[in-house]
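Colleague: Could we walk through this model together? I would like to learn how to read its features one by one.

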Amino acid sequence: MSVFTVGICQMGVIPDKLANIEKARTMIGDAAIKGSRLVVLPEMFNCPYQSELFPDYAESVADGPTITMLAECAAQNKVIVVGGSIPEKDEAGNVFNTSFVFNENGDLIGRHRKVHLFDVAIKGGTVFQESKTLAAGSSMTVVNTSLGTMGVAICYDVRFPELARAMALKGAQVIIYPAAFGPVTGPAHWELLMRARAVDNQVYIIAAAPALNAAAEYKAYGHSMIVDPWARVLAVASEEETVITGKVDFRTLEKVRDELPILKHRKPEVYED
Ligand SMILES: NC(=O)CC(=O)C(=O)O
């Protein structure tokens, strides 16, 4: 499919897992009504973004209520759902920051576990340590779907251009980043990074953020964004809860890659070991 609408559900997350699940269900339906064929949720959409809470909100792929809702919504609305991310528990008790991808039949077709954990201490700004409670993923995620080839990575993963480049070289036409930047890194780097990943890989970037919840400990920056392969911002939210949509058109991607063929001009023998 060369042209389709993508919807981002910029939802507010509260400390009530079931309420978050039901909010996501409603917003996925809203995105489908707006014509979206691909619907994306934000990072940790069922759980406040706080390390100490991740284990309590975690669920396993076998019987999790969030994962069940995502599969149901994909099938009922006949959309591809990139289920933001949630705390996912494996059989050994490890908790990951994981994105699940469902096709239009509700089949699980992809899973990305955040590779680069957000362990930062910005003086006078954000201090966060995901590794306090989370384990890191160890693989790249590129999924073939009925709409095209999609890379999925999560938030801090966007700061590692090597990962985006590797996904593009594996065929990704769209790279999806469920994310939750904060009040310090958001204004400084959010748009810059999303547009940079778009222009340096000539892909569509879908960046899905939570809405700002003024009562939350971690204040999400919002500003969910859809960027085209020329780094044009096609749609952007403010901080509020909303569904934004934009058109992905692979003819634009092909035009940009034909006219400015940087992926063909790479010289890996110069800069790879
Ligand atoms: N949630 C995050 O990983 C936040 C992040 O990456 C940032 O730079 O801010």
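Colleague: Leaving out residues up to four places away in sequence, which residues does Q202 touch?

Modeller: Happy to start there, and please keep in mind that this is a predicted model. Q202 touches P229, L253, V256, R257, L260, I262 and L263. As for its place in the fold, Q202 sits in the loop between α5 and β12 (204-208).

Colleague: Is Q202 buried or exposed?

Modeller: A residue counts as buried when its relative accessible area is under 20%. Q202 has a relative accessible area of 2%, so Q202 is buried. There is a polar partner too: a polar atom of the Q202 side chain lies 2.8 Å from the backbone oxygen of L260.

Colleague: Where does L260 lie?

Modeller: L260 is in the loop between α6 (250-259) and α7 (268-271). With a relative accessible area of 41%, L260 is partly exposed. L260 also belongs to a nonpolar patch on the surface, formed with W230 and I262. Together these residues have about 280 Å² of accessible area. I262 of that patch is also among the residues that Q202 touches.

Colleague: Let's turn to charged pairs. How many salt bridges does the model have?

Modeller: The general idea is that side chains of opposite charge can pair when their charged atoms come close. Here, with a cut-off of 4 Å between a side-chain nitrogen of Lys or Arg and a carboxyl oxygen of Asp or Glu, the count comes to 14 salt bridges. One of them joins R111 and E88, with their closest N and O atoms 3.6 Å apart. R111 is in strand β6 (residues 108-113) and E88 in strand β4 (residues 86-89), so this pair ties together parts that are 23 residues apart in sequence.

Colleague: What is the accessibility of each partner, R111 and E88?

Modeller: R111 is partly exposed, with a relative accessible area of 38%, whereas E88 is buried at 2% relative accessibility.

Colleague: Which salt bridges could I look at within helix α5?

Modeller: Try R195 and E191, whose side chains meet at 3.3 Å, N to O. Both lie in helix α5 (residues 185-201), 4 residues apart, which is about one turn of the helix. R195 counts as partly exposed at 33% relative accessibility, and E191 counts as partly exposed at 38%.

Then look at R197 and D200, with the closest N and O atoms 3.3 Å apart. These two are separated by about one helical turn, because they are 3 residues apart in helix α5. R197 counts as buried at 7% relative accessibility, while D200 is partly exposed at 24%.

Colleague: Which residues are linked in a network of salt bridges?

Modeller: E22, R25 and E72 are linked in such a network.

Colleague: Now for uncharged side chains. What does T5 pair with through a polar contact of 3.0 Å?

Modeller: The side chain of T5 makes that contact with the side chain of K247. T5 lies in strand β1 (residues 3-10) and counts as buried at 10% relative accessibility. Its contacts outside four places in sequence include K34, G35, S36 and R37, as well as T245 and G246.

Colleague: And where does N46 lie?

Modeller: N46 is in the loop between β2 (36-40) and α2 (54-57). At 0% relative accessibility, N46 counts as buried. The side chains of N46 and T66 are joined by a polar contact of 2.9 Å. Beyond four places in sequence, N46 is in contact with V13, K17, N20, Y57, E59, T66, I86 and P87.

Colleague: Let's finish with the ligand. Which residues are around the ligand?

Modeller: The residues around the ligand are E43, Y49, K114, F118, C155, Y156, R159, A180, F181, T185 and Y218. For the polar pairs, begin with Y49: an N or O atom of its side chain is 2.9 Å from a nitrogen atom of the ligand. Y156 takes part through its backbone, with an N or O atom 3.3 Å from an oxygen atom of the ligand. In T185, a side-chain N or O atom is 2.4 Å from an oxygen atom of the ligand. As for cover, the ligand has 270 Å² of accessible area on its own, and the protein covers 100% of that area.

Notes:
Residues numbered from 1 in each chain as written. Predicted model: local features only at pLDDT ≥ 70, side-chain atom pairs only at ≥ 80, totals over all residues. Heavy atoms only, no water. Patch = residues over 30% accessible without salt bridge, like charges linked within 9 Å, V, L, I, M, F, W, Y side chains within 5 Å. Areas by Shrake-Rupley, 256 points an atom, 1.4 Å probe, with all protein chains shown as cover. Buried < 20%, exposed > 50% of the residue type's maximum accessible area, 1.4 Å probe, protein only. Near = heavy atom within 4 Å. Polar contact = N/O pair within 3.5 Å; in protein donor to acceptor, adjacent residues only side chain to side chain. Contact = heavy atoms within 4.5 Å.
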